[in-house]
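Good morning. I will take one chain and go through a few places in it. Please look at the screen.

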Amino acid sequence: MNNTEFKIRPMTLADLELSLEWAAIEGWNPGIYDAEAFYAADSGGFLMGEINGETISSISAVRYDDTFGFVGLYIVKPNWRSQGFGLQTWQAGLKLLGNRNIALDGVLAQVENYQKFGFQPAYRHVRYAGLGMATETNKSIVPLSDLAIEKVFKYDRQYFPTPRPQFLQKWINQPENAALGFLKDSNLSGYGVLRKCRNGFKIGALFAEDLEIAESLFLALINHAQNQPIFLDTPDANPQAISLAQKYGMQPVFECVRMYTREIPNFDITGVFGVTTLELG
């Protein structure tokens, strides 16, 4: 197939739904309702490659602001791999992000390839799997819907490189989810989100000022997924996050490497007990 027949275009929301179906086939277990939240982050930050009307590749290149972007959902349909279409899709995503500090979560086997494009390893994310169970909820925990949304935006900024209000507005209000905050002296001191996925539920974000608050939120969240599979992506740069997963019998099932093209952003990794999503950071 001649490369001139290959074109790359912006995704529609329906295209993004399709890309997430591809991600499910790859075993990435995306959230059932992820598409709208992802699209809200940057509706122009998703690209799809096609040949003669057939969609064959995808990439997300979300521009959170003028300084930071995130690459994910980099997929080529199996029968179109090793023909150069993936590389063209990849290059289009990087071009869209321009001169920003770009991050991604890369599978271990591809780390050296990403380094060729200027990405440098920062730390690993370890996915832990377990089962939800009945728990008692700490009285300091409230639904995020009870709080002014601006408080959530402000708190989130401590643990993410840049503001992301449009994304968070959708993320914490997905159907079939649990989005909870921990109040200490009327101040938000941690929050967590549990969302429904193809298989079970994922926890993310799980941000907290200390391990005790993170544990309280974790227990409240898994109460909403009793006897269902649960997954938590923990940064190994925060050993307390690993210890929390292990304390409740969760087992490591997957690892990837957080990489950046520039410096590691200045946010408090010790408060990150669960990354929001490997697709968008």
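I start with one residue, T89. Its relative accessibility is 1%, so T89 counts as buried; the cut-off for that word is under 20% relative accessible area. I should say at once that this is a predicted model. T89 sits in helix α3, which covers residues 85-97. What is T89 in contact with, once its neighbours within four places in sequence are left aside? The list is F6, I8, S57, S58 and I59.

Now a residue for contrast, Q228. You will find Q228 in the loop between α7 and β11, where β11 is 229-235. Is Q228 buried, exposed or partly exposed? Its relative accessible area is 36%, and the range between 20% and 50% is called partly exposed, so Q228 gets that label. Setting aside neighbours within four places in sequence, Q228 is in contact with G130, L131, G132 and F201. One distance to try on the screen is from Q228 to T67: C-alpha to C-alpha, they are 39 Å apart in space, and in sequence they are 161 residues apart.

Next, the chain as a whole. Its secondary structure consists of eight helices and 13 strands. The radius of gyration is 19 Å, and the globule rule for 281 residues gives 19 Å, close to that value, so the chain is as compact as a globular protein of that length. Along the principal axes, the C-alpha atoms fill a box of roughly 65 × 35 × 35 Å. Of the 281 residues in the chain, 54% are buried. If you take the contacts with a separation of 6 or more, 74% of them are between residues 24 or more positions apart.

Now to two pairs of helices. The first pair on my list is α1, residues 13-25, and α2, residues 34-41. They pack at an angle of about 125°, and their axes are 9 Å apart. What do we call such an angle? An angle of 125° lies between 115 and 145 degrees, outside the roughly perpendicular and roughly antiparallel ranges, and therefore α1 and α2 are oblique to each other. Their crossing is right-handed. On the α1 side, the contact is made by L13, L16, E17 and L20; on the α2 side, by D34, A35, E36, F38 and Y39. Sorted by class, that contact has six nonpolar residues, three charged ones and no polar ones.

Staying with α2, which of its residues are buried? They are D34, A35, A37, F38 and A41. The elements covering them include α1, the strands β2 (46-51), β3 (54-63), β4 (68-76) and β9 (187-196), and helix α6 (165-171).

The other pair is α7, residues 211-222, with α8, residues 239-247. Here the packing angle is about 40° and the axes are 11 Å apart. That angle makes α7 oblique to α8. The crossing of α7 past α8 is right-handed. From α7, the residues in the contact are L211, A214, E215 and F218, and from α8 they are Q240, S243, L244 and K247. By class, the contact of α7 with α8 has four nonpolar, two polar and two charged residues.

To go back to where I began: T89 is buried, while Q228 is partly exposed. That is my last slide.

Definitions and conventions
Residues are numbered from 1 along each chain as its sequence is written. This is a predicted model: local features need pLDDT of at least 70, side-chain atom pairs count only at pLDDT 80 or more; totals for chains, interfaces and linings use all residues. Side-chain values use heavy atoms; hydrogens and water are left out. Axes are lines fitted to C-alpha atoms, for helices over the stretch in contact, and angles run from 0 to 180 degrees between N-to-C directions. Helices (H or I, at least four residues) and strands (E, at least two) are DSSP runs, numbered from the N terminus. Angles under 35 degrees count as roughly parallel, over 145 as roughly antiparallel, 65 to 115 as roughly perpendicular and the rest as oblique. A crossing is left-handed if the near helix is turned anticlockwise from the far one by less than a right angle, and right-handed if clockwise. Contact means heavy atoms within 4.5 Å. Ala, Val, Leu, Ile, Met, Phe, Trp, Tyr, Cys and Pro count as nonpolar, Asp, Glu, Lys and Arg as charged, and the others, Gly among them, as polar. The radius of gyration is taken over C-alpha atoms; the globule rule is 2.2 Å times the number of residues to the power 0.38. Buried means under 20% relative accessible area, exposed over 50%, partly exposed in between (1.4 Å probe, protein chains only).
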